[in-house]
Amino acid sequence: MPSQKTESEQTHDKDYVAIAKAYAKKALDPKNRKRFGIWIRLAAKRFLDDLERAKTKGAPFYFDVWHANDVCDFAEKLPHVEGVWETPTIVLHESHVFFLVQLFGFRKPDGTRRFSKALFAVARKNAKSTLAAIVGLYCQNCEGENGPQIITGATTGQQARIVFNVAKRMVEKTSDLREAFGLVPFANAIASINNGGTYKPINAKASTQDGLNPSCVILDEIHAHKDHDLLNVLVSAAGARANVLFLFLTTEGYSSPGPWAEEREFAKKVLRGIVLADHFLAIYYAVDEKDEDLGTVADDDFDESAWPKANPLMDVNPILKDEIRKAAIEAREKPGTHGEFKIKRLNRPSSVAGGWVNLTKWRECKGLVDLELLRSVPCWGGLDLSSTNDLTSFRLVWRLEDWLYTYGWRWVPPAATRRRVARGLVPYQAWVEAGLLIECGEEVIDYAPIEAKVLEVNETFNLRLLAYDNWNAPQLTQRLKQAGVPMELFRQGPQSYHPAMQDLELHYLAGRLAHGNDPVLNWNASNLVARQDQNLNNAPDKRKSTEKIDDMAALLMATGASLTAVTEGDMDGFLKGGIKAGR
């Protein structure tokens, strides 16, 4: 059982509690609104209010100065293991003191920690892995736990090892630490001989984690978890522990059905006082969004004075500041990188972190597309057959006077519509009723209606070339070729997609795209995340685009096909102005 020390028994050289209090008061000072975002201001208010609450008779917790200071003192005896620093051992930033003092200072009447769950969300390169390694080592060796099991978990083994490797290097570099607690670092674990404990990394293959009894779980980059499986297994496994800790670390990321969205919203409700959760510590560094209830306005992504809201270490790390500045220059000039900058550097939530499309500009391209007027105009097509149990798309593009026009057809099996209705998130049923989606097949797509539509378009429009993805339906594409449809395989990679993405980006940013305000295409556009190869060539990233992008893939394939035709002189007059390079 953890020992209970009183303030009069203070034995540490440094008053970390005073640092935490000063930090909280600084965050609440109206003069510092540019440095501290709303969620840290609310966290600071909660901390100071809870210090007063802890003094009241019958409070569900008390505040122990010794424990608050001890974890920070422990941290500052550990060595740096990455980078070059002025001191051999860690000097905690005040933001980390603010977190640690709360996490270990507040105690329940039985002496265990008040907080059994904690969230520390911050932009990248703000030392959250170092902070997590400190917490793990302290819980393994200083909490009085019998046979502690410290687990660092992530979606992949490589990611899980990031925090573990920091802790392991700390142990390897500190003989006093090894001797004091009987620590032995191995390749895949840190054993603590004195208390029978272990510290090890695991990945998200939840079905292989039976038999664990974790006392401290560190889930790194929780935004990347695609489901709740690992968390559910670990929560269940920790049921026998009286002083368990679940620490969630993350920078914002891509929209996912996993636990991050729920944890983030829960944390915000706790900070706003909407939910009383004495077991949950929430520290969330991010630039501000517009919120009339909270009285906040959205920070400009490129306002450097607001960046410390998401990057508390900016004031002591000039390298970090310089890196953010360089990333901002690229994000301003290259819309395809803007989303990544917002998410990773500003910790700004987004439904599509790293989203490639500027949706404000995209929505402005809602001009009508008159198929009758376009029937004799040369057009190019894209056929995306990558999905058999959800969305399949066939889309055309036309080029007129440096404008792009596009129109398309989409098919879904009825089973997919039913699944979407059950989830209640995307209006498939309404789109079916409006004729924007065509149902065919049952559990999977029936390709016969798609084949019929392509043949009809080939007969009634001036189709010059149809680019296709041959992943799922080689027999269909062979039949279309035999029927005389001009077809060409579109290879799925940056080399093929990049010119098309450049060209489409130039057109829609300039307002020279007309898509008819198609809601299905708009939804796909909002989901599109790009990936880059080593030469900075872009392609759609279906792995990170957690919702459907098939309609956008078809549009890009059609655009790519049209570019091939244009460069071969297939369209009179188009080459007069040349092809402008994308940004």
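Lys 125 is exposed, with a relative accessible area of 55%. In this predicted model, Lys 125 sits in the loop between S3 and H5. Its phi is near 65 degrees, a positive value in a residue other than glycine.

Glu 401 also has a positive phi without being glycine, here near 50 degrees. Its loop runs between strand S12 (392-400) and strand S13 (403-412). Glu 401 has a relative accessibility of 77% and counts as exposed, because the cut-off for that word is over 50%.

**The chain as a whole**

The chain has 583 residues, and 55% of them are buried. It contains 20 helices and 19 strands. Taken along the principal axes, the C-alpha atoms fill a box of roughly 90 × 50 × 45 Å. Among contacts between residues at least 6 apart in sequence, 72% join residues at least 24 apart.

The mean pLDDT of the chain is 87, and 90% of the residues reach 70 or more. Over residues 570-583, pLDDT stays under 50. The model has 22 contacts beyond four places in sequence for residues 570-583. Where pLDDT is low, the predicted coordinates should not be read in detail.

**Loop residues and their burial**

The table lists three further loop residues.

| Residue | Loop between | Relative accessibility | Class |
|---|---|---|---|
| Arg 114 | strand S2 (106-107) and strand S3 (117-121) | 4% | buried |
| Glu 145 | helix H5 (128-141) and strand S4 (149-153) | 17% | buried |
| Asp 300 | strand S10 (280-284) and helix H10 (318-333) | 47% | partly exposed |

Which side chain does the side chain of Arg 114 join in a polar contact of 2.9 Å? The partner is the side chain of Asp 50. Asp 50 is also in the list of residues in contact with Arg 114 once neighbours within four places in sequence are left aside. The others in that list are Arg 46, Arg 53, Phe 61, Phe 106, Arg 107, Lys 108, Asp 278 and His 279. Arg 114 and Tyr 62 are 52 residues apart along the chain, and their C-alpha atoms are separated by 8.5 Å.

Glu 145 counts as buried because its relative accessibility of 17% falls under the 20% cut-off. Its side chain makes a polar contact of 3.0 Å with the side chain of Arg 241. Leaving aside neighbours within four places in sequence, Glu 145 is in contact with Arg 241, Asn 195, Ser 215 and Asn 243.

Asp 300 has a relative accessibility of 47% and therefore counts as partly exposed, a class that lies between 20% and 50%. The side chain of Asp 300 reaches the backbone nitrogen of Phe 302 at 2.9 Å. Asp 300 and Phe 36 are 264 residues apart along the chain, with their C-alpha atoms separated by 15 Å.

**Helix H2 and its partners**

Helix H2 covers residues 38-53. Arg 46 and Asp 50, both in contact with Arg 114, fall in this range.

Helix H1 (residues 16-28) packs against H2 with the axes 8 Å apart and an angle of about 130 degrees. H1 is therefore oblique to H2, and their crossing is left-handed. On the H1 side, Ala 20, Lys 21, Ala 24, Lys 25, Ala 27 and Leu 28 take part. They meet Ile 40, Arg 41, Ala 44, Lys 45, Phe 47, Leu 48 and Leu 51 in H2.

How does H2 lie against helix H9 (residues 260-272), and at what angle do their axes cross? The two axes come within 9 Å and cross at roughly 50 degrees. That angle makes H2 oblique to H9, and this crossing is left-handed. Trp 39, Leu 42, Ala 43 and Arg 46 of H2 make the contact with Lys 268, Val 270, Leu 271 and Arg 272 of H9. Arg 46 thus appears both in this contact and among the residues in contact with Arg 114.

**Helix H19**

How many of the nine residues of helix H19 (residues 519-527) are buried? Eight of them are, and the helix is mostly covered. The buried residues are Val 520, Leu 521, Asn 522, Trp 523, Asn 524, Ala 525, Ser 526 and Asn 527. At the start of H19, a side-chain oxygen of Asp 518 comes to within 2.9 Å of the backbone nitrogen of Val 520.

How values were computed. Residues are numbered from 1 along each chain as its sequence is written. This is a predicted model: local features need pLDDT of at least 70, side-chain atom pairs count only at pLDDT 80 or more; totals for chains, interfaces and linings use all residues. Side-chain values use heavy atoms; hydrogens and water are left out. Helices (H or I, at least four residues) and strands (E, at least two) are DSSP runs, numbered from the N terminus. Buried means under 20% relative accessible area, exposed over 50%, partly exposed in between (1.4 Å probe, protein chains only). Contact means heavy atoms within 4.5 Å. A polar contact is a pair of N or O atoms within 3.5 Å; within protein, one must be able to donate a hydrogen and the other to accept it, and residues adjacent in sequence count only if both atoms are side-chain atoms. pLDDT is the predictor's confidence in each residue, from 0 to 100. Axes are lines fitted to C-alpha atoms, for helices over the stretch in contact, and angles run from 0 to 180 degrees between N-to-C directions. Angles under 35 degrees count as roughly parallel, over 145 as roughly antiparallel, 65 to 115 as roughly perpendicular and the rest as oblique. A crossing is left-handed if the near helix is turned anticlockwise from the far one by less than a right angle, and right-handed if clockwise.
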